[in-house]
Amino acid sequence: MIIEPKIRGFICTTAHPTGCATNVQRQIDHVVIKGAIPSARKRVLVLGCSTGYGLASRIVTTFGSDADTIGVSFEREPGETKPASAGWYNNRAFENRARAAGRKAITIEGDAFSDAVKAETIAAIKDNLGQVDLVVYSLASPVRTDPKDGVTYRSAIKPYGSQVTSKTLNTGTGEVSEITVEPATEEEAQATVKVMGGEDWELWIAALADAGVLADDFLTLNYTYLGSELTWPIYHKGTLGKAKGDLDRAAAAIRAAHGEAAANVVALKAVVTQASSAIPVVPLYGTVLIKVEDEMGLSEGPIHQIDRLFREKLRGEIALDEQSRIRVDDWELSAPMQAELARRWAVLDTQNLSELADLTKYREEFLKLFGFNVGGVDYSKDVDPRVVE
Ligand code: NAD
């Protein structure tokens with residue numbers, strides 16, 4: 001069949017197997033060309049392994065440091081005439097390439113919040129790796145069912161405390177307008193912490209430790225976004241920021257139980273992923289950031305950020321901020337970049353969007369997440385949606 005993008009709001013409901021496989025290959029190439037990243041952490045578990053920062057983490061550890069990996073993600077399988085989720089294609093493309101390189105690559109597709117998937121993962125670690133030295137937690141989900149009481153919580157990406165009025169972008173029409181978002185109720189804020197806070201991370205580490213599958217000197221990382229003052233009202237000071245703040249609490253609790261070197265939150269830059277495109281205001285900030293980064297020669301996507309994390313930040317003496325976080329958002333938050341972003345943000349409107357921001361590249365990056373608009377791929381070619389090279 002010929003597979004074309006079908007965009008509904010901020011999601012694309014189709015994905016292209018060849019395009020996704022090409023994306024995976026390009027990320028591998030990025031790491032391989034930069035050379036080996038010496039590391040003793042050769043047995044890695046990546047939670048949320050199929051797209052964005054999690055996929056980049058699996059690629060960097062496998063192809064930079066010769067690690068064997070187990071990945072967990074939530075996917076839609078393909079049918080004879082129905083494309084799979086992009087993550088399903090990415091998982092297959094990654095496994096093919098990792099195994100061809102002599103590495104173990106096991107993927108468990110199911111709900112990482114559930115006890116069943118935790119048990120399945122532990123069994124897979126015992127069977128294939130014995131133990132893990134590194135656990136990367138990179139889940140991004142709008143909903144979580146608490147395995148203890150079966151209650152399903154939904155995150156609400158809203159301001160906290162008072163309403164926020166901000167510029168926003170309709171990425172479909174290119175219209176810049178003002179939106180006012182009402183603050184979350186206390187219940188919505190608590191639910192967002194339940195979904196995107198540190199509780200499930202702690203449950204994973206406790207389950208892995210109880211099963212004896214964590215190496216003595218294991219490290220676990222969890223990814224956060226702090227961002228700039230321009231997005232603080234909706235993000236950092238909103239419900240998501242509250243949930244992300246809970247990661248710092250969870251990291252401290254894991255360190256208290258397993259030692260000072262056991263857990264860190266890593267602050268990463270804003271990138272176009274399925275998760276970030278669903279957040280109000282963030283896509284507009286993203287279009288300006290893409291343009292300013294390009295002009296300053298500091299453009300980075302997930303693979304560049306995660307490569308820099310493992311190649312530079314996790315080697316030797318690890319530099320931490322006052323909350324024990326590792327910072328890879330240093331370029332985005334640098335004073336010259338933030339000053340330029342703020343200057344543009346103040347005057348940004350529909351008319352000057354193409355001059356001050358890069359919506360075209362944002363849209364291209366969004367389509368690439370689903371394997372579309374990838375250079376070198378012949379989209380007119382008939383493909384079997386169940387087959388990935
Ligand atoms: P993403 O949407 O690309 O990836 C999310 C991953 O989680 C996917 O592999 C998906 O399959 C998996 N997942 C979701 N629900 C699941 C479930 N119930 N069970 C198993 N797997 C599940 O997201 P991303 O942007 O790469 O985000 C990853 C982390 O990085 C998040 O913590 C996010 O807050 C953080 N982060 C993102 C940005 C950004 O700009 N995108 C910036 C800084 C930090």
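**View 1. Glu340 is buried and pairs with Arg343.** Glu340 has a relative accessible area of 18%, so it counts as buried (buried is under 20%, exposed is over 50%, and partly exposed is in between, with a 1.4 Å probe and protein chains only). Its partner Arg343 is partly exposed at 48%. The two form a salt bridge, with the closest N and O atoms 2.8 Å apart (that is, a side-chain nitrogen of Lys or Arg within 4 Å of a carboxyl oxygen of Asp or Glu). Both sit in helix H10, residues 335-347, three residues apart, which means about one helical turn separates them (helices are DSSP runs of H or I, at least four residues, numbered from the N terminus). This is a predicted model, where local features need pLDDT of at least 70 and side-chain atom pairs count only at pLDDT 80 or more, while totals for chains, interfaces and linings use all residues. Residues are numbered from 1 along each chain as its sequence is written, and side-chain values use heavy atoms, leaving out hydrogens and water.

**View 2. Arg327 and Asp329 meet in a salt bridge.** Here the N to O distance is 2.9 Å. Arg327 is partly exposed at 25%, whereas Asp329 is buried at 2%. Why can such a pair form? Side chains of opposite charge can pair when their charged atoms come close.

**View 3. Lys194 pairs with Glu199.** The closest N and O atoms of this salt bridge are 3.0 Å apart. Glu199 comes out as partly exposed, at 24% relative accessibility. Counting by the same rule across the model gives 28 salt bridges.

**View 4. Here is the second largest pocket, with a volume of about 740 Å³.** On a 1 Å grid over the protein atoms alone, a pocket is an open set of points where a 1.4 Å probe fits, with protein on both sides within 12 Å along at least five of seven lines; lining residues have an atom within 4 Å of a point. The volume is the space filled by probe spheres set on the points, which are joined across faces, edges and corners. Of its 31 lining residues, those closest to the centre are Gln27, Gly301, Pro302, Glu365 and Lys368. Helices supplying at least two lining residues each include H1 (17-34) and H9 (302-313).

**View 5. Asp307 is tucked into helix H9 as a buried residue.** Its relative accessibility is just 1%. Leaving aside residues up to four places away in sequence, Asp307 touches His30, Val31, Lys34, Ile37, Val60 and Glu312 (contact means heavy atoms within 4.5 Å).
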